[in-house]
Amino acid sequence: MRVMGVDPGLTRCGVGVVEGAPGKRLHLVHVSVVRTDPAEDHALRLLGVERGIEALMDELAPDAVAVERVFSQHNVRTVMGTAQAAGIAMLAAARRGLPVALHTPSEAKAAVTGNGRADKAQVTKMVTRLLSLETAPKPADAADALALAICHVWRGSAQRRLARAQVSRIEELARAERERLAARSTTAPGGRSRGGSVQ
C-alpha cells in the first residue's frame with residue numbers, strides 16, 4: 001500500500017510517501033516540502049499549496065492520504081493557515097476518490113517511536129531508521145509527513161475498509177444530488193417542461 005502523509009502548513013507543507021504493509025518492511029517513495037512565500041497574497045499561497053499537493057498526488061498515485069489533525073494553538077493566525085492547508089490536502093484527495101485519514105501528532109509519534117510525547121529529533125531519528133535512510137529527512141515538516149504516512153500504513157486494513165466505505169457513501173450522495181438537480185433543471189415551475197408547452 002502506498003500512503004501519502006501531509007504535514008499541513010501554509011509556508012511549509014511537508015509531503016511524504018511511503019510504501020509498505022503492517023508487519024512488512026517500509027520503503028520511501030518520495031519526500032519534499034511544498035513552500036509558499038509569506039509575502040504573497042493569502043489566496044495565492046493557498047493556490048500554490050493546492051497545485052503542489054495535486055501535482056504530487058498525480059505523479060505518485062497514492063492509495064490513501066494521511067493528514068495531521070489540526071489542534072487549536074495560541075497563535076490563531078498560524079492555526080488558521082495550517083487548517084486551510086489541511087483542508088486543501090483533504091479536498092485534493094477526495095477529488096481523486098482517495099480515502100483520507102486524520103491522525104493526531106501524538107498518534108504519529110507513538111506509531112514511530114512508541115512515545116506519543118516524543119520530540120521532533122526522536123521522530124526524525126526513528127523515521128530515518130524505519131525507512132533505512134542514509135540521511136535524515138529535512139526539514140522537520142518532511143519527517144513529520146513521513147511519520148504520518150508510516151502511522152497510517154501500520155493502522156491496518158480495518159481503517160482502510162472504513163475509509164473506502166466512506167468514500168463510496170460520499171459518491172452515492174453526490175450522484176443522488178446530481179440526479180436531483182438534473183431532474184429539477186428539466187422541469188419549469190408548474191410542472192411544465194422548459195423545452196416547450198404542455199399539450
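Start by selecting helix H5, residues 140-153, and pick out Asp144 within it. This is a predicted model.

Is Asp144 buried or exposed? Asp144 has 13% relative accessibility. The cut-off for buried is under 20%, so Asp144 counts as buried.

Keep Asp144 selected and show what surrounds it. Which residues does Asp144 contact, apart from its neighbours within four places in sequence? They are Asp7, Lys120 and Val123. Two of these names are worth placing on the helices: H4 spans 120-130.

Next, step back to Pro139. It sits in the loop between helix H4 (120-130) and H5. Display the bond between Lys138 and Pro139. What kind of peptide bond joins Lys138 and Pro139? It is a cis peptide bond, with omega at about -5 degrees.

Stay in the loop between H4 and H5 and select Ser132. Check its backbone: phi is positive, about 55 degrees, although Ser132 is not a glycine. Now look at the surface around Ser132. Its relative accessible area is 45%. Partly exposed covers the range between under 20% and over 50%, so Ser132 is partly exposed.

Last stop: Ala61. Where is Ala61 found? Look in the loop between helix H1 (42-60) and strand E4 (64-68). Check phi here too. For Ala61 the value is near 50 degrees, which is positive in a residue other than glycine.

To revisit the backbone stops, select Ala61 for its positive phi, Ser132 for its positive phi, and the Lys138 and Pro139 pair for the cis bond.

How values were computed: Residues are numbered from 1 along each chain as its sequence is written. This is a predicted model: local features need pLDDT of at least 70, side-chain atom pairs count only at pLDDT 80 or more; totals for chains, interfaces and linings use all residues. Side-chain values use heavy atoms; hydrogens and water are left out. Helices (H or I, at least four residues) and strands (E, at least two) are DSSP runs, numbered from the N terminus. Buried means under 20% relative accessible area, exposed over 50%, partly exposed in between (1.4 Å probe, protein chains only). Contact means heavy atoms within 4.5 Å.
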